[in-house]
Amino acid sequence: MDRRNQTSIYEFLLLGLSEHPEQQPLLFGLFLGMYLVTVVGNLLIILAIVFDMHLHTPISDPHLHTPMYFFLANLSFTDTCFTCTIVPKVLVNIKTQHYTISYTGCLMQMYFFMAFALLDDFLLAMMAYDRYVAICLPLHYTTIMRPQRCLLLVATSWLCSHFLAFSLILLMSRFSFCASHSISHFFCDLLPLLKLACSDTHIFQVMMFIEAALSGVVPLTCALTSYVHIIHTIFRVPSAGGKQKVFSTCGFHLTVVTLFYGTIFLVYFQPSSSYSPNTGIVASVIYTMVTPMLNPFIYSLRNKDIKRALWRLLGCGKCSTP
């Protein structure tokens, strides 16, 4: 391998959204809108839950002190960080028409993107399991979902997600890249970057598939199994209103799980040689922008407990939501 070709890459060009200049203003407005909704929505959820937990008064809501809302606050924080890792750089690139990112910046973006995506996987599975225990094993809920156990689950998820992301980035940092430095994507993602590598990527791809199985298939199986048990339990509920309420909630939750896991599997459960840039870009928009934007509405803003907490946070402690 020519030494010059191995050391000449100091920055990359992110060209995934630059092929149609006439669409740039539309994309900028669309992405900015989704970004603001995501950040504001998730931050409001975090503030409402944290504020209520520290509000030791008769108007505080004991429901918000349960594990479900502890997981939800972590999911909102993760989604905010996940989006902030990708979207601000995309907006700056579109606005300035400069699509470069440094080699170090590319690796850093990829590291945090993977870490928060993996953490999202684990948290969605934990939230599904929490709902399973609450609906199917209500008498054992306080025993199974103890605060110490929930804290341990979340802490372990944080450590595992960052460890898995760091291990892949460490391998990626040792790759040599050919003369081309144009990435057919709007951020530094694994498969588009692998297509530029001159080094042997076989070990990396095997490790990536193993990590995808551990952090993707296992949590997804846990989530789907939980929802199957929940649906089975719902059919035994005599009240039609109770069935409709739980079906509605689980249906929206399953929509988020399907969107998030489905698009990730579509992109990453394939060898780099089969990667399609157009499919990868569309799927990436869904799991980096659409899903984090939907989570506050699906998991929280349809929830009466969260609505009441938001009213208290905004200074309307005596207000009630319909």
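## A nonpolar surface patch

Val206, Ile210, Leu214 and Val218 form a nonpolar surface patch of about 350 Å² in this predicted model. Patch members have over 30% relative accessible area and no salt bridge, with nonpolar side chains (Val, Leu, Ile, Met, Phe, Trp, Tyr) joined within 5 Å and like charges within 9 Å. A salt bridge is a side-chain nitrogen of Lys or Arg within 4 Å of a carboxyl oxygen of Asp or Glu. Accessible areas follow the Shrake-Rupley method with a 1.4 Å probe, and for residues only the protein chains shown count as cover.

Val206 lies in helix H8 (residues 202-234). Because its relative accessibility is 38%, Val206 counts as partly exposed; buried means under 20% relative accessible area, exposed over 50%, and partly exposed in between (1.4 Å probe, protein chains only).

## Basis and confidence of the model

Residues are numbered from 1 along each chain as its sequence is written, and side-chain values use heavy atoms, with hydrogens and water left out. As the model is predicted, local features need pLDDT of at least 70 and side-chain atom pairs count only at pLDDT 80 or more, whereas totals for chains, interfaces and linings use all residues.

The chain has a mean pLDDT (the predictor's confidence in each residue, from 0 to 100) of 81, and 83% of its residues reach 70 or more. Among the elements, helix H6 (residues 147-172) has the highest mean pLDDT, 93, and helix H1 (residues 3-7) the lowest, 44. Values stay under 50 over residues 1-7, where the model has 7 contacts beyond four places in sequence, and over residues 317-322, where it has 9 such contacts. Where pLDDT is low, the predicted coordinates should not be read in detail.

## Overall architecture

The chain contains 11 helices and 3 strands, in the order α-β-α-α-β-α-α-α-β-α-α-α-α-α along the sequence. Helices (H or I, at least four residues) and strands (E, at least two) are DSSP runs numbered from the N terminus.

Of the 322 residues, 48% count as buried. The exposed area of the chain is about 15,500 Å², of which carbon and sulfur atoms supply 70%. Among contacts (heavy atoms within 4.5 Å) between residues at least 6 apart in sequence, 79% join residues at least 24 apart.

## The largest nonpolar core

A nonpolar core is a set of buried Ala, Val, Leu, Ile, Met, Phe, Trp, Tyr and Cys residues joined through side-chain atoms within 4.5 Å. The largest has 91 residues, of which Phe31, Met172, Phe186, Leu190, Leu193 and Tyr287 touch the most other members. Helix H4 (residues 103-136) contributes the largest share of this core, 19 residues.

Beyond its neighbours within four places in sequence, Phe31 is in contact with Leu17, Val87, Val90, Leu91, Ile94, Val285 and Met289.

## Contacts of Thr291, Leu259 and Thr233

Thr291 belongs to helix H10 (residues 277-301) and is buried because its relative accessibility is 3%. Outside four places in sequence, Thr291 is in contact with Val256, Leu259, Phe260 and Ile286. Leu259 sits in helix H9 (residues 240-268) and, with a relative accessible area of 28%, is partly exposed. With the same sequence neighbours set aside, Leu259 contacts Ile286, Thr291 and Leu294. The C-alpha atoms of Leu259 and Val290 are separated by 8.9 Å, the two residues being 31 apart along the chain.

Thr233 is in helix H8 and is buried, its relative accessible area being 15%. Not counting residues up to four places away in sequence, Thr233 touches Ile135 and Cys136.
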